[in-house]
Every structure is written in structure tokens, then in C-alpha cells.
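New to this one? Take a moment to look around before reading on.

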Amino acid sequence: MADEAGLAKKPKMLVILFATIVLHLTSLIILFIATCASAWRTHGDTSYDLWYDCTQINGGYKCSGNGDADWLQAVQALMVLATIFCLISFIIFLCQLFTLVKGGRFFFTAVFQILASLFVMSGAIIYTVMSPQWKNDSDTYGYAFVLAWLAFPLTLISGLIYIILRKKE
Amino acid sequence: MLSVLALTSVVLLGIASQSTALVVNTDSEKHALVGSDVRLSCSFFSWQWTSPEVSFTWHYRPDGAKDAISIFHYGGGEAYPANKGPFQNRLEFVGNPSRRDGSILIKNLDFGDNGTFTCDAKNPPDIGGHPSTIRLLVFEKVPVQAGVITGSIIGVVLGLLILVVAIYYLMRFLVARRVFSLSMSKHGKKGKGKEGSQQKQRI
């Protein structure tokens, strides 16, 4: 009976582990896209922020560097840091998976993941608050902006899961 | 002997008279912010003593224009800023002619002041020489270069991270060195505690 219970638990543990890894990787990919794609604000064929203002003309792109506003550079830095910290937490998770003692918690993984969520939250908030100064009324928020706001709860939930998660066997 | 001396002195005088051409010195380029004041300095070098008839003249040629206009003249001990023109009421003479300084101060700069300024100095009888030009560039504000704030924020945070990790490992290393004394004191305390509790129980 105990053996059966033990065998029944193993796939459950594997499912939880798999789901955790998928969640972490999803948030990492979303952070990468939100940081690298310059589409936080769109206006017709032109997409603005974080790095370039690109206009689609005749099938090609015409890009120019955007104005070097102080707050925009802060958002850039926060997004890059969030991506780096999410990546570091994933590496630490893989390390701790093999080196942690039985019953131990993934403390460092959780710390870095929660820091990443704080950074992306700060970046998204700063951008949301400051961008109306630049925005024309006909501008709309681009997909990268939506992804950044999506990355915040994903990383936060992922970090909280790591606080609860304990290593077994 | 005398003829050789006479010849050399004539030659030297000739060289000296050639080098009495006046040399005007200014900066080559000047950068300034909109709304600020800028001092355009001009001085000259001359073999002659500074004459009371020393004169300075400033001309201005806007960017893209072909002709230069006269904007300032100092002569006969008096300064004469142009009472018409782009620098009306904005020009002030801040030089010291007895010290061969003919600098002017332009106040409240505007973008239309971009251009080339020419300073011409005359020190009678030394009047030959080249005028010198300054290029004035007016900026809106000193721009923060792209990426300076970004890079510094990233660098500071990652630096703090590395520092915290280094301190953590350093503390672990230091505690590992002292761990022997810690555990011994713990054993000692535990022993005393047990003995104390046993004594209490007996009592």
C-alpha cells in the first residue's frame, strides 16, 4: 500500500515540477519579448518605445532612436534587470533542484524571481504613469506593454510557488 | 669687423620689423546653453607697447549667411556696442585694453546666435595681422546621452548583487573558521544546563 502510494505520488510530483518549469519559462520568454520588442506604444504604422521608433514604409522599416527621456531609460534598465533576474532564478532553480537537501525550500530561486517581478512592476508602472506626457490621443498601447504587465503577475506567482515548494527525494 | 656688426644689426632689425605683425588670439569654438551668457575672449600679441589708440572690432556672420556685420568696436578709450542689429542691448565689453584683452559678453543666448565671430585688434603702429575667428554653438540643454542612465542603473544593481553574494560567501567562510569555538562553547553550555536541570530534579 505504501509502495503504491509512493508510486502514485511520483507522477504528481513530476506534474508539479513540470508545471512550475513551464510557468517560469513562459514568464522568462514574455519578459524577453517585452524587453526586446520596441512596441510599447503604437500609432498606426509606427511603433514606439522602448528602444526605437520604427515606421513601416513600403514593406521596410524606418527606425530612429527615440528621445532620451530620463524615465524611459529607467524603464529600459528595469526591464533588462527583470529579465536578467528571471534568467538567474531559473539557473539557480536548476542548480538547487540537484543540490538541495531533502525537504529544503527553493529560497534563492524565490528571492530572485520575486525581485524580477518587482522590477517589471516598477518598469510597467513608471511607463504607464509617464507615457501620457508623450502620447497623442490616437496612440494605443502596443503588445509589448501588455506583455510587460502580464509578466508581473506571472513572475510573482512563480516566485510564491517557489517559496511554498519543498524538495522531496 | 665693424661692417660685419653693422650687417648683422641691420639683418636683425629687418627680422624684428618683420615679426612686429600683430597676432590675435581667440578660442576656436565655444559651446553655450540657450538663455545663458557667453564670454568671447580675444587678446593679442604685439612687439610694440600697448598704445592708447588700441582698438578692437568684432564682426558676426550668422550660420548660412555670406556677409559679416559689425557688432562692436572699441577705440580711443571708449567701447561702442552696435545699437542696432541682433545683439542690441545684449552686448557688454568685459575686456581690459591696457592688458590687451578685448573680450565681449553676450547675454541671454538664442538659437539665432549660432555663427562665426571675428575679432580684429589694432595696436598702432602695429596694425598688420590676421583677425581671429570663434565659432559659437548654442545648445538647448546638455542632453543625457542615450543609455547613460540605463547602464548606470543596471550596473549599480548587478554590482550590489555581486557584493551581496560575495559578502554572503565571505561570512560563511569566516563562520566556518570560527565554528570550532562556537560548537565548543555550545557543548559547554549544554553540559552545564543538563547538570543544572539534574540538580534541580534532585532537589
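What follows is a short tour of chain A, its contact with chain B, and a few backbone oddities. Keep in mind that this is a predicted model.

**Chain A at a glance**

Let's begin with the overall layout. Chain A has 4 helices and 5 strands, and from the N terminus on they come in the order α-β-β-β-β-α-α-β-α. Of the 169 residues in chain A, 43% count as buried. Contacts that span long stretches of sequence show up a lot: among those between residues at least 6 apart in chain A, 69% join residues at least 24 apart.

**A helix worth following**

Helix α3 of chain A covers residues 107-130, which makes 24 residues. From the first C-alpha to the last, α3(A) reaches 35 Å, close to the 34 Å expected at 1.5 Å a residue. Quite a few of its residues are tucked away: the buried ones include Thr109(A), Phe112(A), Gln113(A), Ala116(A), Phe119(A), Val120(A), Gly123(A) and Tyr127(A). An α-helix has 3.6 residues a turn, so residues three or four places apart point the same way. Try walking along the buried residues of α3(A), say from Phe112(A) to Ala116(A) and on to Phe119(A), with that in mind.

**Trp40 and its neighbours**

Is Trp40(A) buried or exposed? Trp40(A) is buried, because its relative accessible area is 0%, and buried means under 20%. Trp40(A) sits in the loop between α1 (2-36) and β1 (41-43) of chain A. Setting aside neighbours within four places in sequence, its contacts include Tyr48(A), Leu50(A), Val75(A), Met79(A), Tyr127(A), Tyr141(A) and Phe145(A). One of these, Tyr127(A), is also among the buried residues of α3(A). Ser131(A) is 91 residues away from Trp40(A) along the chain, yet their C-alpha atoms are separated by 9.8 Å.

**Where the chains meet**

How many residues from each chain take part in the contact? Chain A brings 14 residues and chain B brings 13. The buried area between the two chains is about 1,000 Å², with carbon and sulfur atoms giving 77% of that. On the chain B side, Thr150(B), Ile154(B) and Leu161(B) lose the most area to chain A, together 38% of what that side buries. That side of chain B has 10 nonpolar, 3 polar and no charged residues. The rule finds 0 salt bridges across the interface, while 5 residue pairs are in polar contact.

For a spot on the chain A side, look at Gln76(A) in helix α2 (residues 70-99). Gln76(A) is buried, with a relative accessible area of 7%. Apart from neighbours within four places in sequence, Gln76(A) is in contact with Leu50(A), Trp51(A) and Thr150(B). So Leu50(A) appears both here and in the list for Trp40(A), which means those two contact lists share a residue under the 4.5 Å cut-off.

**Backbone oddities in chain B**

Most residues other than glycine have a negative phi, and most peptide bonds are trans. Here are the places in chain B to check against that.

| Place | Backbone value |
|---|---|
| Arg100(B) | phi near 65 degrees |
| Asn108(B) | phi near 50 degrees |
| Pro124(B) to Pro125(B) | cis, omega near 0 degrees |

Where do they lie? Arg100(B) is in the loop between β8 (91-93) and β9 (104-106), and Arg100(B) is buried at 17% relative accessible area. Asn108(B) belongs to the loop between β9 and β10. Pro125(B) falls in the loop between β10 (115-122) and β11 (129-130).

Terms used. Residues numbered from 1 in each chain as written. Chains lettered and ligands numbered in written order. Predicted model: local features only at pLDDT ≥ 70, side-chain atom pairs only at ≥ 80, totals over all residues. Heavy atoms only, no water. Buried area = accessible area lost by both parts, 1.4 Å probe. Salt bridge = Lys/Arg side-chain N within 4 Å of Asp/Glu carboxyl O. Polar contact = N/O pair within 3.5 Å; in protein donor to acceptor, adjacent residues only side chain to side chain. Nonpolar A, V, L, I, M, F, W, Y, C, P; charged D, E, K, R; others polar. Helix = DSSP H or I, 4+ residues; strand = E, 2+ residues; numbered from the N terminus. Expected span 1.5 Å × (residues − 1). Buried < 20%, exposed > 50% of the residue type's maximum accessible area, 1.4 Å probe, protein only.
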